[in-house]
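Reader: I should like to request a close look at one position in this model, followed by a connected account of the surrounding architecture and the bound ligands. Please begin with the position itself and then proceed outward.

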Amino acid sequence: MEKKLNKNICCIGAGYVGGPTMSVIAFNCPDWQINVVDINADRIRSWNSKDLTKLPIFEPGLDKIVKKCRDVNLFFSTKIEENIAKADIIFLSVNTPTKKRGIGAGYASDLKWIESSARQIAKFSEGHTIVVEKSTLPVKTAETIKTILHSFEQDDFISLGKKKKTFSIVSNPEFLAEGTAINDLLNPDRVLIGGEDEHSIKLVADIYKTWVSPKKIISTNLWSSELSKLVANAFLAQRLSSINSISALCEFTGANINEVSGAIGADTRIGQKFLKPGPGFGGSCFKKDILNLVYLCRFYGLNEVADYWEQVVNINLWQQNRISSLIIKNLFGTLSNKSLAIYGFAFKANTNDTRESPSINISKNLLQEGAKLTFFDPKVNETQILNEFNEFLYEGNIKVKDTALDAAKGTDAIIVLTEWEEFKYLDWHSIFKIMRKPAWVFDSRICLDQKHLKNIGFKVWTLGTTD
Ligand code: UDX
Ligand code: ADP
């Protein structure tokens, strides 16, 4: 049943996906009203903060868009029910972490937030509503959402005697990368829309067409769209595990990983992107999506395929453990009575997100060896860091400082784990002076000037080289 188009969008979930995506839609579609809702009142308060440096997410360019659109056609609120009722289109951008217990624990996604959102939509929506899956989801999640929504179509029509509710489900996975989210949203490589009815696909496509070329808008069936998202992330992560595995070989053979990466990437069939070696991939998506893929393959008895993809995650953890062991080995095999400065806690530069950050695992390995750690990250706050180490905290073994220089004071080594641009331009002479000697720098991101550091007097280890 059609309802008159109110040009009203509701997005459930004001996180790293929902917040920036809806801001960019609001920016490009002034005739649509966008309501972003969340159960987390603190998060909504931060989105509404007058001080734009207090937005819950740090993304370059996001503050300017929020400033322009907020309270014009972009609204952040906790009023979930009324905003569901008004909406023509509802985007689902809630969290879908890996299950911690029960069937599929450690692999499958926990869909409890998706399920509860679907139930809320079923209850509060009015007339016809298009429900768009935006969160990364296991293939066939649309089936779950459909089952919940369609059962309400029946209930409402038969027992309540109200205006009949109807729903269409569309999959529109988000491909933005954190740190470049605004640019990725403004200039996407493609927009993928999977669905079962042409009308809903067209309506969602029309929103994107206000700023994206129609040539870049791909429409598929629901399942292809859901699977493509998992596979895109699996392929990207696979490149990283491949180059990281070769970084280890370079350290034995005298080859230089940056030179190898440049040489193979010059082949246009391989390409230069996503070949930067590092301490392993982090972020909320890669590991979760690959493990989802692995679970799906095992479910269908494709055990060899599952093992193949699982190895991408295994190599990632191996790289983190390998780097931890190298640090310990170079610091004379023991970290007792040693202080180390960790530079960078975000999973990559230009974000304050720490989910699955390699810094977490590597730091835990170092703490287990008895090290005292002092952290510095330009965008991650003390609470976020301390929260990761509850079981490791004892008197004074973990500190968080506001500057790189303060964090270095009295330490034996600096471990660079996030490639923040500002690390290149630190006053390394001053840092050297206040450290215990021999003073080490471990550069897991290959982002510092090794020669400059060695000239100052540092001992330097750089990933993927014997220099
Ligand atoms: C990723 C996908 O890129 C994006 O399309 C999807 O929507 C969500 O997952 P994101 O996790 O935000 O985005 O960041 P991304 O830039 O992909 O980086 C992921 C991890 O890989 C980071 O830890 C990053 O440091 C690492 N990485 C990336 C490298 O180590 N080397 C590279 O060359 C690229
Ligand atoms: P992502 O990176 O996928 O955007 P986040 O964890 O950053 O994930 O954001 C997901 C958001 O969804 C959180 O702010 C969470 O509070 C919100 N959320 C989860 N379930 C619901 C729900 N039923 N209704 C409204 N918001 C929800």
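Does K100 count as buried or exposed, and at what relative accessibility?

Author: The model under discussion is a predicted one. In this model K100 counts as exposed, because its relative accessibility is 80% and the cut-off for that class is over 50%. K100 belongs to the loop that runs between β4 (89–92) and α5. A separation of 8.0 Å is found between the C-alpha atoms of K100 and D110, which are ten residues apart along the chain.

The helix that follows this loop leads to the second ligand. Helix α5 (residues 112–124) contributes four residues to the shell around ligand 2, the most of any element. That shell holds 18 residues, of which Y16, V17, D38, R43 and R355 come nearest. Sorted by class, the shell of ligand 2 comprises seven nonpolar, eight polar and three charged residues. Both backbone and side-chain atoms of the protein take part in polar contacts with ligand 2. An N or O atom in the side chain of R43 is 2.6 Å from an oxygen atom of ligand 2. A backbone N or O atom of V17 lies 2.8 Å from an oxygen atom of the ligand, and a polar backbone atom of I39 is 3.3 Å from one of its nitrogen atoms. Ligand 2 taken alone would expose 580 Å², and the protein buries 90% of that area.

Ligand 1 may be described in the same manner. Its surroundings consist of 19 residues, and those that come nearest are F175, E178, K276, K348 and R445. Among its polar contacts, two involve the protein backbone: a backbone N or O atom of F175 lies 2.7 Å from an oxygen atom of ligand 1, and a polar backbone atom of E178 is likewise 2.7 Å from an oxygen atom of the ligand. R445 makes its approach through the side chain, with a polar atom 2.8 Å from an oxygen atom of ligand 1. On its own, ligand 1 exposes 650 Å², of which the protein buries 89%. The shell around ligand 1 has eleven nonpolar, two polar and six charged residues. Both domain 1 (8–220) and domain 2 (222–467) supply at least three residues to this shell.

The element that gives the most to the shell of ligand 1 is helix α9 (residues 222–253), with four residues. S247 lies in this helix. With a relative accessibility of 0%, S247 counts as buried, since that class covers values under 20%. The side chain of S247 forms a polar contact at 2.6 Å with the backbone oxygen of N244.

Attention may now turn to strand β9 (residues 339–343). Five of the five residues in β9 are buried. In a regular strand, side chains alternate between the two faces of the sheet. The residues of β9 divide accordingly: S339, A341 and Y343 point one way, while L340 and I342 point the other way. Strand β9 pairs with strand β10 (residues 372–376) in the parallel sense, over five bridges. Within this pairing, I342 is opposite F375 of β10.

The loops on either side of β9 each hold a residue with a positive phi that is not glycine. F332 is located in the loop between α12 (303–330) and β9, and its phi is near 65°. F332 counts as exposed because its relative accessibility is 63%. E356 is placed in the loop between β9 and α13 (358–368), and its phi is near 60°. With a relative accessible area of 40%, E356 falls between the two cut-offs of 20% and 50% and is therefore partly exposed.

One further backbone feature deserves mention. K437 and P438 are joined by a cis peptide bond, with omega about -5°. P438 is part of the loop between α16 (428–433) and β13 (440–443).

To return to the position first requested, K100 is an exposed loop residue at 80% relative accessibility.

Key. Residues numbered from 1 in each chain as written. Chains lettered and ligands numbered in written order. Predicted model: local features only at pLDDT ≥ 70, side-chain atom pairs only at ≥ 80, totals over all residues. Heavy atoms only, no water. Near = heavy atom within 4 Å. Polar contact = N/O pair within 3.5 Å; in protein donor to acceptor, adjacent residues only side chain to side chain. Areas by Shrake-Rupley, 256 points an atom, 1.4 Å probe, with all protein chains shown as cover. Helix = DSSP H or I, 4+ residues; strand = E, 2+ residues; numbered from the N terminus. Nonpolar A, V, L, I, M, F, W, Y, C, P; charged D, E, K, R; others polar. Domains from an automatic or database assignment. Buried < 20%, exposed > 50% of the residue type's maximum accessible area, 1.4 Å probe, protein only. Pairing = 2+ DSSP bridges.
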